[in-house]
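Grab your viewer and work through the exercises below. Each one has a task sentence and then a solution in steps.

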Amino acid sequence: MSRIGKNPIDIPAGVEVSVGASEIQVKGPKGTLSTPVDPAVAYKIEDGKVYVSRVDDSRQARGQHGLRRTLLANCVDGVTKGFAKTLEVIGVGYKVSVQGKKVVLAVGYSHPVEFDLPAGLEAKVEGAKLTIEGTDKQLVGEIAAQIRRVRPPEPYKGKGIKYLDEIIRRKAGKSGSK
């Protein structure tokens, strides 16, 4: 039995979960999310909790059990608390700003890089820190990764865009040979 899959998901007050034929809809104070249903997994809603169980013990059902439970738990967390990723822009003259639904990065190129945010995401800037917030965990992580790819941190001076909790392994530069 999957250790993750056997744990029930608590449904907080103000959150509505409805199981359909092809997807599960989760409505809450921050919006609506949906996750697809796999036929190898069964869902049961009882006493303010969602129980996820396998239909049989096939390899595919065992693989989907914990995954589907985690995807549903992320939807419940997203519509109640939301998710956020914080990026840090490090470098002399490197700047970040938000203009409406656009993130504008000045990170050492000859032109500012404009990045359009998809619907459902918000960005905030505090100094050199950019915070991406939204209800969909996968979308928040993907957009943060795309912004990081504009100028990944380099190992010699540490300049670039990095996650707030990321540790850059620094390399020694050239040393004089005398």
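**Exercise 1. Sort Asp-77 and its salt-bridge partner by accessibility.**

Find out whether Asp-77 is buried, partly exposed or exposed, and which residue it forms a salt bridge with.

Step 1: Asp-77 has a relative accessibility of 28%. The classes are buried under 20% relative accessible area, exposed over 50% and partly exposed in between, with a 1.4 Å probe and protein chains only. So Asp-77 goes into the partly exposed bin.

Step 2: Its salt-bridge partner is Lys-81, with the closest N and O atoms 4.0 Å apart. The rule asks for a side-chain nitrogen of Lys or Arg within 4 Å of a carboxyl oxygen of Asp or Glu.

Step 3: Lys-81 comes out at 59% relative accessible area, so it is exposed.

A word on the ground rules: this is a predicted model, where local features need pLDDT of at least 70 and side-chain atom pairs count only at pLDDT 80 or more, while totals for chains, interfaces and linings use all residues. Residues are numbered from 1 along each chain as its sequence is written, and side-chain values use heavy atoms, leaving out hydrogens and water.

**Exercise 2. Look at two other salt bridges.**

Work out how many salt bridges the rule gives, then check the pairs Arg-54 with Asp-57 and Arg-149 with Glu-142.

Step 1: The count comes to 10 salt bridges.

Step 2: Arg-54 and Asp-57 meet at 3.2 Å, N to O. Asp-57 is exposed, at 56% relative accessible area.

Step 3: For Arg-149 and Glu-142, the N to O value is 3.7 Å. Arg-149 is exposed at 53%, whereas Glu-142 is partly exposed at 30%.

**Exercise 3. Check the length of helix α2 and see what it packs on.**

Compare the expected span of α2 with the separation of its end C-alpha atoms, then list its buried residues.

Step 1: Helix α2 covers residues 137–148, 12 residues. Helices here are DSSP runs of H or I with at least four residues, strands are runs of E with at least two, and both are numbered from the N terminus.

Step 2: The expected span is 1.5 Å times one less than the number of residues, so α2 should span 16 Å; the end C-alpha atoms are 17 Å apart, which agrees.

Step 3: The start of α2 has a side-chain oxygen of Asp-136 within 3.3 Å of the backbone nitrogen of Gln-138.

Step 4: Val-140, Ile-143, Ala-144, Ala-145 and Ile-147 are the buried residues of α2. They pack against several strands, including β7 (83–90), β11 (121–126) and β12 (129–134). Contact means heavy atoms within 4.5 Å.

Step 5: Leu-139 also sits in α2, but it is partly exposed at 23%. Not counting residues up to four places away in sequence, Leu-139 touches Pro-118, Ala-119 and Leu-121.

**Exercise 4. Describe where domain 1 meets domain 2.**

Find the area buried between the two domains and the residues of domain 1 that lose the most of it.

Step 1: The domain assignment, automatic or from a database, gives domain 1 as 4–81 and domain 2 as 83–163. The contact takes six residues from domain 1 and four residues from domain 2. Their C-alpha centres lie 31 Å apart.

Step 2: Buried area is the accessible area (1.4 Å probe) that two parts lose on being put together, summed over both. Here it is about 410 Å², with carbon and sulfur atoms giving 65%. In domain 1, Leu-33, Asn-74 and Gly-78 lose the most, together 71% of what that side buries.

Step 3: Across this interface the rule finds zero salt bridges.

Step 4: Thr-135, in the loop between β12 and α2, is buried at 18%. Beyond its neighbours within four places in sequence, its contacts include Lys-30, Leu-33 and Gly-78.

**Exercise 5. Explain what is unusual about the phi of Asp-47.**

Which sign does the phi of Asp-47 have, and is the residue buried or exposed?

Step 1: Most residues other than glycine have a negative phi.

Step 2: Asp-47 is not a glycine, yet its phi is positive, about 50°.

Step 3: Asp-47 is in the loop between β5 (41–46) and β6 (49–54), and it is exposed, at 76% relative accessible area.

Note on methods:
Polar contact = N/O pair within 3.5 Å; in protein donor to acceptor, adjacent residues only side chain to side chain.
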